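Colleague: I'd like a close look at a single part of this model, taken piece by piece. Please walk me through it slowly, and spell out your cut-offs as you go.

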Amino acid sequence: MSMEPFSQTIGLFNEGIGKGLHLGGQLTVIYRGRMCINDAFGRIALEGERCTTDHVFLWMSSGKPVTAVAIAQLVQLGLLNYETKVAEVIPEFGGYGKDVITVGHILSQSAALRGADVVNAPTREEILEKIYTLPLDAGQVPGEHAGYHVGGTWLVLGEIVRRLTGSDIEDYLEEHIFDPLGMDHSSLGTPGEGETDVFARMYDTYGSEGRVHPLYGTDAGVSMPRPGRNMRGPVSELAQFYMTLRAVLRGESDFLQAEALEEMIQPQRPAGMQDLTFGHPADFGYGFYLHPDKYGKGKSSYGYGQYASESSFGHSGAQSSCGFYDPGADVIVAWVVNGMPGEPAHQRRARAINEAVYQDLRNL
């Protein structure tokens with residue numbers, strides 16, 4: 001057996017390229033505070049240049065925790081709390097039974113408003129106007145029912161930030177998270193003019209040789225700042241975000257109060273609550289997916305693999321990415337690929353990659 005560092009994990013990335021699951025990708029692993037690997041594989045496009053660790057990839061929902069931390073900063077400032085009714089900040093939101101939805105309900109994916117995910121319009125302002133007129137999901141009660149929201153309600157979180165701070169969410173993140181943490185190439189939505197040539201567009205690789213994804217591979221699809229699903233940057237900068245959270249928990253950073261982060265990574269749903277989107281129980285904190293394999297090894301959606309400890313927290317992105325911190329093993333894992341091969345193929349790929357990281361760590 002080869003003892004080359006991370007040979008098993010690297011082999012899976014290259015195997016996926018050979019099978020057409022993705023064109024390329026990036027991987028960063030930080031173990032006990034030391035970066036063990038920061039590497040790139042394949043190409044950014046069918047006829048594009050080879051991937052480097054500097055290329056910008058779409059993180060999809062792996063960026064949700066960044067938005068959640070922005071809300072936590074506002075909580076820390078006393079501008080709101082997790083029990084604050086969304087309608088107290090956005091009065092237009094409160095109609096059609098939505099007056100009971102709290103900020104915490106959205107962050108814990110229990111707002112009973114999955115209908116917001118299918119709303120679309122040319123601008124986010126128009127999308128929000130449509131969300132304001134939505135009823136609750138039929139037969140569901142916020143906090144008593146749960147179902148993962150792809151991104152609709154996270155536009156509402158962005159609007160909360162705007163109304164409380166006067167800054168659009170993309171500008172707030174730039175000033176209060178990306179810049180302070182040195183995430184110099186990360187952004188929400190399309191970055192400035194002239195930077196898009198380093199963007200590794202997403203490809204639809206399901207049942208084909210790969211074609212530009214009609215939504216996540218186009219300028220129109222990724223330009224609108226959607227704080228729940230189109231944050232982007234080199235994946236090493238997502239790992240840097242988790243490195244800061246690690247420091248917060250260890251009392252080595254004042255970026256966020258340790259007590260505030262501890263609250264975010266505690267389960268905020270009743271234990272064993274069924275997630276109506278995933279079709280199995282799932283624990284969410286405030287913006288973080290907590291040890292997805294807790295309710296069955298190999299049975300959870302977007303899990304961190306069977307070797308991750310129960311203290312693990314993070315988030316994954318649709319058919320493409322994963323970022324998490326495992327305090328029990330003191331390891332940060334962040335990776336991204338630019339191919340969406342369908343859910344079954346991706347779930348196998350993701351689980352294999354995450355488990356291979358732990359297996360490779362044993363050989364260091």
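Modeller: Let's start with strand S14, which is covered on both faces. On one side sit Ser 321, Gly 323 and Tyr 325, on the other Cys 322, Phe 324 and Asp 326, and all of these are buried. By buried I mean under 20% relative accessible area, with exposed being over 50% and partly exposed in between, using a 1.4 Å probe and protein chains only. Six of the six residues of S14 pass that test, so the strand is largely enclosed by the rest of the structure.

Before we go on, keep in mind that this is a predicted model, where local features need pLDDT of at least 70 and side-chain atom pairs count only at pLDDT 80 or more, while totals for chains, interfaces and linings use all residues. Residues are numbered from 1 along each chain as its sequence is written, and side-chain values use heavy atoms, with hydrogens and water left out.

A word on the labels, too. Strands here are DSSP runs of E at least two residues long, helices are runs of H or I with at least four, and both are numbered from the N terminus. Two strands pair if DSSP finds at least two bridges between them.

Now, where does S14 belong? It is part of an open sheet of seven strands, in the order S2-S1-S15-S14-S13-S12-S11, with antiparallel pairing. The edges are S2 (34–42) and S11 (283–284), which each have a single partner strand, so one side of each is left without a neighbour in the sheet.

Follow S14 first towards S13. The two strands pair in the antiparallel sense over five bridges, and the bridge partner of Gly 317 is Ser 321 in S14. S13 and S14 make a hairpin with three residues between them, and Gln 319 in that turn has a positive phi of about 50°.

Going the other way, S14 meets S15, again antiparallel, this time over six bridges. Two of the pairs across this seam are worth picking out on the screen: Phe 324 stands opposite Val 333 in S15, and Asp 326 stands opposite Val 331. S14 and S15 form a hairpin as well, with four residues between them, and Asp 330 in the turn has a positive phi of about 50°.

What about burial in S15? Seven of its seven residues are buried. Val 331, Val 333, Trp 335 and Val 337 lie on one side, with Ile 332, Ala 334 and Val 336 on the other, so to speak front and back, and both faces are covered.

Past S15 comes S1, which pairs with S15 in the antiparallel sense over seven bridges. Here Val 331 turns up again, as the bridge partner of Tyr 31. S1 (residues 24–31) is in turn joined to S2 by eight bridges, and that pair runs antiparallel. In S2, Ile 37 is the bridge partner of Val 29.

Two helices lie against these strands. Helix H1 (residues 7–19) packs on the sheet, touching S1, S2 and S15 (331–337), and its direction makes about 15° with that of S2. Touching is meant as contact, that is, heavy atoms within 4.5 Å. The angles run from 0 to 180 degrees between N-to-C directions, with axes taken as lines fitted to C-alpha atoms, for helices over the stretch in contact. Helix H11 (residues 343–361) lies across S1, S13 (313–317), S14 (321–326) and S15, running at about 145° to S15.

Finally, a look at the nonpolar cores, each of them a set of buried Ala, Val, Leu, Ile, Met, Phe, Trp, Tyr and Cys residues joined through side-chain atoms within 4.5 Å. The largest has 71 residues, and Leu 173, Met 264 and Phe 288 have the most contacts inside it. Apart from that one lies another core of 27 residues, and among its members are Ile 37, Tyr 302, Val 331 and Val 333. Some of these names are familiar from the sheet: Ile 37 is the S2 partner of Val 29, while Val 331 and Val 333 are on one side of S15. As background, nonpolar side chains tend to be buried together in soluble globular proteins.
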